[in-house]
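This report goes through parts of one protein structure. Please keep the sequence and the 3D view at hand while reading.

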Amino acid sequence: MNLSRREFSTVMAAALAAGFPIQREASAAQASSLYEVPRTGNVHFLHMTDCHAQLMPVYFREPSVNLGVGAMQGKLPHLVGEHLLKAAHIKAGTPEAHAFTYLNFERAARQYGKVGGFAHLATLVKQLKGGRPGALLLDGGDTWQGSATALWTQGQDMVDAAKLLGVDVMTGHWDFTYGEERIKTIVEKDFAGKIDFVAQNVKTNDFGDPVFKPYVIKEMNGVAVAIVGQAFPYTPIANPAWLTPNWSFGIRESEMQETVNEARAKGAQAVVLLSHNGMDVDLKMASRITGIDAILGGHTHDGVPVPVIVKNPGGQTIVTNAGSNGKFLGVLDLDVKDKKVVGFNYRLLPVFSKLLPADAAMSALITNIRAPYEAKLSEKLAVTEGTLFRRGNFNGSFDQLILDALMDVRGADIAFSPGFRWGTSLLPGQAITREHVMDQTAISYPWTTLTDMRGDMIKTILEDVGDNLFNADPYYQQGGDMVRVGGLSYRCEPGAKMGSRIQDMRLKGKLIEADKSYKVAGWAPVAEASKNAGPPVWEVVETYLQAHKVVKPPKLNVPSLVGMAGNPGLA
């Protein structure tokens with residue numbers, strides 16, 4: 001059942017009167033007004049992305065390093081802290097400032113509380129749908145992966161939650177790491193008649209046939225609208241190809257134009273791209289493809305409070321990105337007249353669990369999902385004395401904890417940990433539970449590795465990942481962060497050419513020798529031959545935590561940066 005704005009206000013008032021916790025500096029009126037989004041136009045979309053299976057409210061620290069290089073320097077999404085607040089006209093010290101930046105994270109997190117949680121998100125979705133007849137909820141993917149319960153149920157917990165939430169259309173990325181058969185079962189059975197899974201860029205390897213519907217056309221308030229899907233183009237490279245052996249992926253720009261043209265020819269008066277490209281890729285695509293009115297994007301976890309308008313030969317395209325971890329819900333209203341979009345309004349709403357009462361039906365579902373695992377999830381492993389987070393181009397404190405565990409438990413000189421952008425945050429004094437460890441490590445290929453690796457190979461790996469992150473052409477970027485490095489120090493020049501970004505690599509002060517071997521630990525190997533190479537990473541981290549009991553604030557091993565002074569993507 002959808003809530004009208006009046007009904008939502010009544011629920012809010014009742015919750016507040018009953019003592020529903022609100023941060024001290026925000027009045028009940030402010031809490032309600034944050035979610036008052038007047039309806040405009042006649043076509044309405046709600047957009048969530050990259051929730052990474054977080055059903056419960058969480059803490060999540062935004063990055064203090066999100067570098068833009070070359071033409072992207074100083075432009076969204078590569079702005080952090082005060083630079084982002086200025087660009088979006090957000091006042092410092094407000095709930096929105098906390099939601100969109102890392103500023104004063106510990107104090108603000110304690111003040112405003114946790115974010116996300118499907119029960120609180122459900123309340124907001126119902127309110128917004130209630131005031132927007134025919135509104136569609138779009139899910140940008142990375143939904144079925146990122147938590148213990150998602151891994152242990154092969155994503156079934158998130159499938160059930162998405163159906164109850166009222167998702168209408170979805171695309172994917174990490175969702176594919178459960179394998180082809182599991183994906184087809186969900187799409188063909190669980191989603192049948194309820195949720196459309198769209199991806200124009202996923203084809204069969206043999207004949208190039210579409211694996212999923214490339215788009216759907218829906219009628220809303222007398223207007224035919226098309227939603228085109230774009231799954232993550234580099235899935236078989238960034239994740240194990242052996243999990244999707246019969247499918248090929250790619251950006252497929254020419255096919256995208258053909259798909260948009262086809263949807264228009266079939267009567268679509270507005271076209272929206274539900275994308276998991278990453279925002280830089282979306283911005284380039286928007287400049288080259290005509291006929292897309294808006295791109296609702298994901299993958300790079302950028303919480304971008306204002307849309308970017310991109311000019312192209314056919315007019316313009318609105319480009320957005322809606323953050324991660326269930327922390328935000330995008331609201332896009334389009335005004336369509338005479339078969340074209342003549343106006344729009346967009347808001348990216350932070351989901352504060354303190355300000356949104358929990359939906360009873362969703363709460364009950366989540367309780368049932370978690371009940372069999374509650375004791376295992378809540379087991380206390382250690383206590384952290386500092387903030388633990390994962391996010392930032394080069395390292396995060398939870399990443400450093402994983403690196404330290406790999407080197408200590410596996411007996412390595414150097415450790416590598418993938419530059420994943422998913423993973424929740426902890427505040428000083430919090431117990432680190434098994435659930436928190438799984439929030440950082442829950443993948444279907446979790447094995448750890450221990451390898452004798454030559455110095456020249458170490459440099460090649462760092463250069464390759466650095467190019468994925470900082471290549472001047474967005475179509476060659478894969479959207480993650482730099483591989484996290486333990487034990488090894490180095491300099492990085494993001495603006496340099498491929499092969500020249502990584503310099504002065506040292507281990508314990510001594511230069512790395514190209515032809516010398518070093519013992520390197522890692523995890524998440526994409527090669528099928530590495531199945532069961534070593535214990536799952538969560539076992540390694542648990543062993544480390546149980547031995548230490550108290551985790552002191554780790555010293556982040558980050559490179560010395562060259563040429564980045566004054567970059568507004570650097571705190």
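The text below covers strand pairing, the nonpolar cores and one helix.

The model is predicted: local features need pLDDT of at least 70, side-chain atom pairs count only at pLDDT 80 or more, and totals for chains, interfaces and linings use all residues. Residues are numbered from 1 along each chain as its sequence is written, and side-chain values use heavy atoms, with hydrogens and water left out.

**Strands S1, S2 and S3**

Helices (H or I, at least four residues) and strands (E, at least two) are DSSP runs, numbered from the N terminus. Two strands pair if DSSP finds at least two bridges between them. Three parallel pairs are listed here.

| Pair | Bridges | A bridge partnership |
|---|---|---|
| S1 (residues 43–48) and S2 | 4 bridges | Met-48 with Asp-139 in S2 |
| S2 and S3 (residues 169–170) | 2 bridges | Leu-138 with Val-169 in S3 |
| S20 and S25 | 2 bridges | Arg-491 with Ser-560 in S25 |

In a regular strand the side chains alternate between the two faces of the sheet. Strand S2 (residues 136–139) is covered on both faces: Leu-136 and Leu-138 on one side, and Leu-137 and Asp-139 on the other, are all buried. Buried means under 20% relative accessible area, with exposed over 50% and partly exposed in between (1.4 Å probe, protein chains only).

**The nonpolar cores**

A nonpolar core is a set of buried Ala, Val, Leu, Ile, Met, Phe, Trp, Tyr and Cys residues joined through side-chain atoms within 4.5 Å. The largest has 115 residues, and Phe-45, Phe-118, Trp-144, Leu-165 and Leu-329 have the most contacts inside it. Helix H6 (residues 118–130) gives the largest share of this core, 7 residues. Another core, of 38 residues, lies apart from it and includes Leu-243, Leu-426, Val-437 and Ala-521.

**A four-stranded sheet and helix H17**

An open sheet of 4 strands follows the order S22-S21-S20-S25, with mixed pairing. Strand S22 (510–511) and strand S25 (560–561) each have a single partner strand, so one side of each is left without a neighbour in the sheet. H17 packs on this sheet, touching S20 and S21, and its direction makes about 130 degrees with that of S21. Contact means heavy atoms within 4.5 Å; axes are lines fitted to C-alpha atoms, for helices over the stretch in contact, and angles run from 0 to 180 degrees between N-to-C directions.

How far apart are the end C-alpha atoms of helix H17 (residues 455–470)? They are 22 Å apart, which agrees with the 22 Å that its 16 residues should span at 1.5 Å a residue. That expected span is 1.5 Å times one less than the number of residues. Among the buried residues of H17 are Ile-458, Leu-462 and Phe-470. Their cover includes strand S16 (414–417) and strand S18 (448–454).
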